[in-house]
Structure formats: structure tokens, C-alpha cells
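Me: I should like a close look at one part of this model, namely the surroundings of the bound ligands. Please set that part in the context of the chain that holds it, and treat the matter in one connected account.

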Amino acid sequence: MEIIELRGCSDDELIVICQEIGLKRFRANQLFQWVQQKAVRTWEEMKNIGERDRQVLSSRLSLYPLEKVREQRSKDGTRKYLFRLGDGETIECVLMDYARARSRDRQTVCVSTQVGCAVGCAFCATGLEGFRRNLSVAEIVGQVLDITHDVRKEDPEFQVTNIVFMGMGEPLLNYDQVLKAIRLFNHGQGLNIGMRRMTISTCGVAPKIIQLASDNPQVGLAVSLHTAQDEVRNQLIPMNRRYPLDQLMAACREYTRVTHRRITFEVAVTAENATREEAEALARLLDGQFGHVNLIPVNPVVGTGMERPNLEQIKKFAQVLEDAGVSVSSREERGTDIDAACGQLRREWEGEL
Ligand code: SAH
Ligand code: SF4
């Protein structure tokens with residue numbers, strides 16, 4: 001009989017499994033809460049489920065917590081985790097700004113959706129590694145559960161409140177698993193994270209943006225735009241050759257038409273691209289689009305040759321956009337002293353082997 005990953009199961013799936021193995025329906029509820037809300041890592045911790053029932057359950061359901069290989073803490077409170085999966089692959093996951101966030105009541109986890117990434121963006125450490133495989137629902141959800149478990153050892157009240165799908169991998173190329181993980185995070189008997197407190201970031205998989213609009217899970221959407229010029233974008237984000245800017249922007253318009261939601265457009269600014277021409281091209285591209293631009297200073301990755309812009313350059317860039325009527329903010333980078341940009345820890349760690 002097929003063994004199913006417990007952390008990836010919905011409450012309905014657990015009810016069916018419990019019925020199949022002759023257990024009462026309420027066991028499914030208990031099980032779901034132990035795993036998705038209390039974030040336990042072993043069968044033994046499920047105190048209200050008897051030894052015999054646990055054994056029957058474990059013959060159908062597997063419970064593999066992620067193994068913490070490494071944790072780094074940044075001066076700003078950001079914690080970066082490197083987790084090992086069942087097959088030995090490693091992924092990264094970041095708890096942002098933990099220390100300061102405590103007072104603001106916002107605990108954001110940045111999760112990975114794939115091991116590696118097939119898109120291969122020029123500035124991205126994950127892209128440099130190539131694609132290995134998709135993560136399962138259990139592995140996506142497991143990152144947040146295991147961080148919750150880890151932090152609760154020192155802070156028993158700890159709750160993750162926000163999720164961003166901005167770790168390793170392209171979430172819209174692992175669409176079904178990401179959507180199921182979102183529903184598990186949102187579940188009232190689980191972590192109960194509001195849909196509006198989750199954000200999917202994509203490099204621009206146009207057809208999947210349209211599918212997301214029709215499924216409309218009410219989560220936020222961030223599009224990694226980075227430039228308004230096709231020739232430049234082809235070099236930075238190879239996916240642009242498949243879905244160039246006119247197709248991408250058409251998908252974005254369709255998304256806002258259906259969902260009425262504002263899209264965040266991410267623009268990683270480098271010392272080289274922070275020009276008036278680029279800002280003006282962006283303003284033209286976004287004219288009439290219900291959106292918001294978020295400027296991120298690029299986090300230099302060894303081997304990519306990109307340099308961080310200075311503050312003055314970013315300010316000027318933002319001003320051109322503002323003057324053109326585009327809503328804009330610049331993100332203060334977190335955890336740069338621990339290389340918290342996606343893929344950097346895994347790369348550095350593997351380099352040590
Ligand atoms: N694949 C998705 C989500 C993961 S990447 C995407 O590309 O959107 C999350 C964000 O980090 C993206 O906006 C990506 O462009 C950005 N990013 C990757 N490497 C970076 C770097 N070195 N500096 C700044 N931003 C980076
Ligand atoms: Fe993949 Fe996103 Fe990195 Fe591009 S930026 S290589 S899409 S993870």
C-alpha cells in the first residue's frame with residue numbers, strides 16, 4: 001500500500017485514510033492539529049492518540065521532519081535555515097527580521113518551492129545551480145512547521161503570521177503543490193495564516209498567472225520584473241524569451257481584472273541599471289496597470305558580476321517613477337550580512353564540502 005506524507009495531507013484526506021484503516025473520524029482531526037498547528041515532529045508527541053492507533057497510522061502515513069543542517073542569525077534578527085530533505089537534497093528557508101518583528105507582531109517566513117530552479121536568472125544563486133526537483137507539499141509546509149517548532153523551544157507562543165514564496169525555485173512551476181500548501185497554511189485548525197498574508201513571487205510564467213487569477217486563492221502576487229526592456233530581460237531572466245513583456249503584462253492585466261488585486265512589481269536595482277532611461281521605460285510599461293513597484297538593491301552573488309547601487313542612485317530612480325505617477329517603495333534588505341538572498345547559503349555550504 002502506498003505510504004503518504006502526513007504533513008502534505010488535508011483534513012479531508014486524513015478522514016478518508018482513518019476510515020480506511022478503521023479509525024474514528026475524530027482521530028483525523030487530532031492528527032491534523034498535531035501536525036499542522038502544534039508542529040510536532042514525531043508520532044510520540046501526539047499525546048492523545050494511543051500507541052496502537054499511532055502504529056496503524058504510521059503504516060499508512062510517513063512523518064519525516066526536515067533536518068536542520070545549519071542556522072545563521074543575522075544582526076538584524078533574520079534567521080536563515082538550511083534544511084536537508086529525505087533524499088539528501090538541501091533547501092533554504094528564512095525567518096525574517098525575528099528580533100525586531102516581535103514588537104510589530106509580524107513573523108514572515110520565506111519558503112522554497114523547488115530544489116534549484118530551471119529558470120536560471122543571471123543574478124540568482126539558485127539559478128546558477130540548475131534544477132533538481134519540485135518540492136512536495138509536505139516539504140513546502142514542513143519548512144514553516146520546522147521553523148515554528150525550532151523557535152517555540154525558546155518562545156512557546158511563537159506563530160508565523162506571513163509567508164512569502166520567495167525562496168529557492170519558481171512557485172508557479174510547482175503550481176499544484178504550492179496551492180495545496182497555501183490551503184494548509186490557511187486552515188483554521190492549522191497555522192491559520194490569512195490568505196492576504198501570503199505572497200507568491202514569480203519570474204513571470206504568464207499562463208500560470210492567468211490560472212492563478214481564475215483559481216483566485218486571494219493571496220498576494222509579486223512579479224519579478226527587474227527591467228522594462230525585453231533585450232535586457234532576455235539576458236537577466238531567460239523565461240522572458242518564452243513569455244516576453246507584452247505577454248507578461250497582458251497576463252498581469254487579466255489578473256487584476258479578475259481579482260481586483262494590486263500586483264507588486266519587484267525591481268532589483270544594480271549599479272548599472274539604475275538609470276533615468278530604465279525608470280522611464282518602467283513607468284511607461286506600468287502605465288494604467290494597478291500595481292506597485294518595490295525596489296530591491298541587488299544582493300551581489302559571487303560569479304554574477306553585479307554590483308549594489310548606492311542609496312543616492314536608488315532615490316533618484318524612485319523619484320522618476322513617482323513623478324510619473326507610479327506607486328513605489330524601496331525594500332530595506334534583510335540579512336545581507338548572512339547572504340540571505342535566495343540560494344546563497346546552500347551554495348556557500350556546498351562549497352565547503
Ligand atoms: N522564482 C521566483 C521566486 C523566488 S526568487 C521569482 O523569481 O520571483 C525571489 C526574489 O528574489 C525574486 O524577485 C528574485 O528576482 C530575487 N532575487 C534573486 N536573486 C537576487 C539577488 N542576488 N539580489 C536581489 N534579488 C534577488
Ligand atoms: Fe529561479 Fe526566481 Fe532565482 Fe530566477 S530569481 S533563477 S526564477 S528562483
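Reply: In this predicted model, the chain of 353 residues has a radius of gyration of 21 Å, which agrees with the value near 20 Å that a compact globule of that length would have. Along the principal axes, its C-alpha atoms fill a box of roughly 70 × 45 × 40 Å. Of the 353 residues, 56% count as buried. The secondary structure consists of 14 helices and 14 strands.

Within this chain, ligand 1 is surrounded by 17 residues, and the closest are Gly169, Ser201, Ser224, His226 and Asn299. Sorted by class, this shell holds nine nonpolar residues, seven polar residues and one charged residue.

Three of the polar approaches to the ligand can be described atom by atom. The side chain of Ser224 places an N or O atom 2.6 Å from an oxygen atom of ligand 1. The side chain of Ser201 likewise has an N or O atom at 2.7 Å from an oxygen atom of ligand 1. Asn299 takes part through its backbone, where an N or O atom lies 2.7 Å from a nitrogen atom of ligand 1. On its own, ligand 1 has 530 Å² of accessible area, and the protein covers 93% of it.

Two of the residues closest to ligand 1, Ser224 and His226, lead to the region around strand β11. This strand spans residues 220–224, and the loop between β11 and α9 (230–236) contains His226. The phi angle of His226 is near 70°, a positive value in a residue other than glycine. His226 is buried, because its relative accessible area of 6% is under the 20% limit.

The loop between β11 and α9 also contains Gln229. Gln229 has a relative accessible area of 27% and is therefore partly exposed. Its C-alpha atom is separated by 7.9 Å from that of Glu278, although the two residues are 49 residues apart along the chain.

On the other side of β11 in sequence, Gln218 is found in the loop between α8 (206–215) and β11. Gln218, too, is a residue other than glycine with a positive phi, near 70°. With 27% relative accessibility, Gln218 counts as partly exposed.

Gly169, one of the residues closest to ligand 1, also belongs to the surroundings of ligand 2. The other residues around ligand 2 are Cys117, Val119, Gly120, Cys121, Cys124, Gly127 and Cys203. By class, the shell of ligand 2 comprises five nonpolar residues, three polar residues and no charged residue.

Elsewhere in the sequence, Gln114 is found in strand β7, which covers residues 114–116. Gln114 is buried, with a relative accessible area of 2%. A polar atom of the Gln114 side chain lies 2.9 Å from the backbone nitrogen of Glu170.

A further part of the chain provides strands that pair in sequence. Strand β3 (residues 67–73) pairs with β4 in the antiparallel sense over six bridges, and Arg73 stands opposite Arg79 in β4. Five residues lie between the strands of this hairpin, and among them Gly77 takes a positive phi near 100°.

Strand β4 is joined in turn to strand β5 (residues 90–96) by six bridges, and these two strands also run antiparallel. Here the bridge partner of Lys80 is Val94 in β5. The hairpin of β4 and β5 likewise has five residues between its strands, and Gly88 takes a positive phi near 95°. Strand β4 itself, residues 79–84, is mostly covered, with five of its six residues buried.

A side-chain contact links this part of the chain to a helix. Asp150 has its place in helix α6, which spans residues 137–152, and a polar contact of 3.1 Å joins its side chain to that of Lys68. Asp150 is buried, with a relative accessible area of 9%.

Technical notes: Residues are numbered from 1 along each chain as its sequence is written. Chains are lettered from A and ligands numbered from 1 in the order in which they are written. This is a predicted model: local features need pLDDT of at least 70, side-chain atom pairs count only at pLDDT 80 or more; totals for chains, interfaces and linings use all residues. Side-chain values use heavy atoms; hydrogens and water are left out. A residue is near a molecule or strand if one of its heavy atoms lies within 4 Å of it. A polar contact is a pair of N or O atoms within 3.5 Å; within protein, one must be able to donate a hydrogen and the other to accept it, and residues adjacent in sequence count only if both atoms are side-chain atoms. Accessible areas come from the Shrake-Rupley method with a 1.4 Å probe; for residues, only the protein chains shown count as cover. Ala, Val, Leu, Ile, Met, Phe, Trp, Tyr, Cys and Pro count as nonpolar, Asp, Glu, Lys and Arg as charged, and the others, Gly among them, as polar. Buried means under 20% relative accessible area, exposed over 50%, partly exposed in between (1.4 Å probe, protein chains only). Helices (H or I, at least four residues) and strands (E, at least two) are DSSP runs, numbered from the N terminus. Two strands pair if DSSP finds at least two bridges between them. The radius of gyration is taken over C-alpha atoms; the globule rule is 2.2 Å times the number of residues to the power 0.38.
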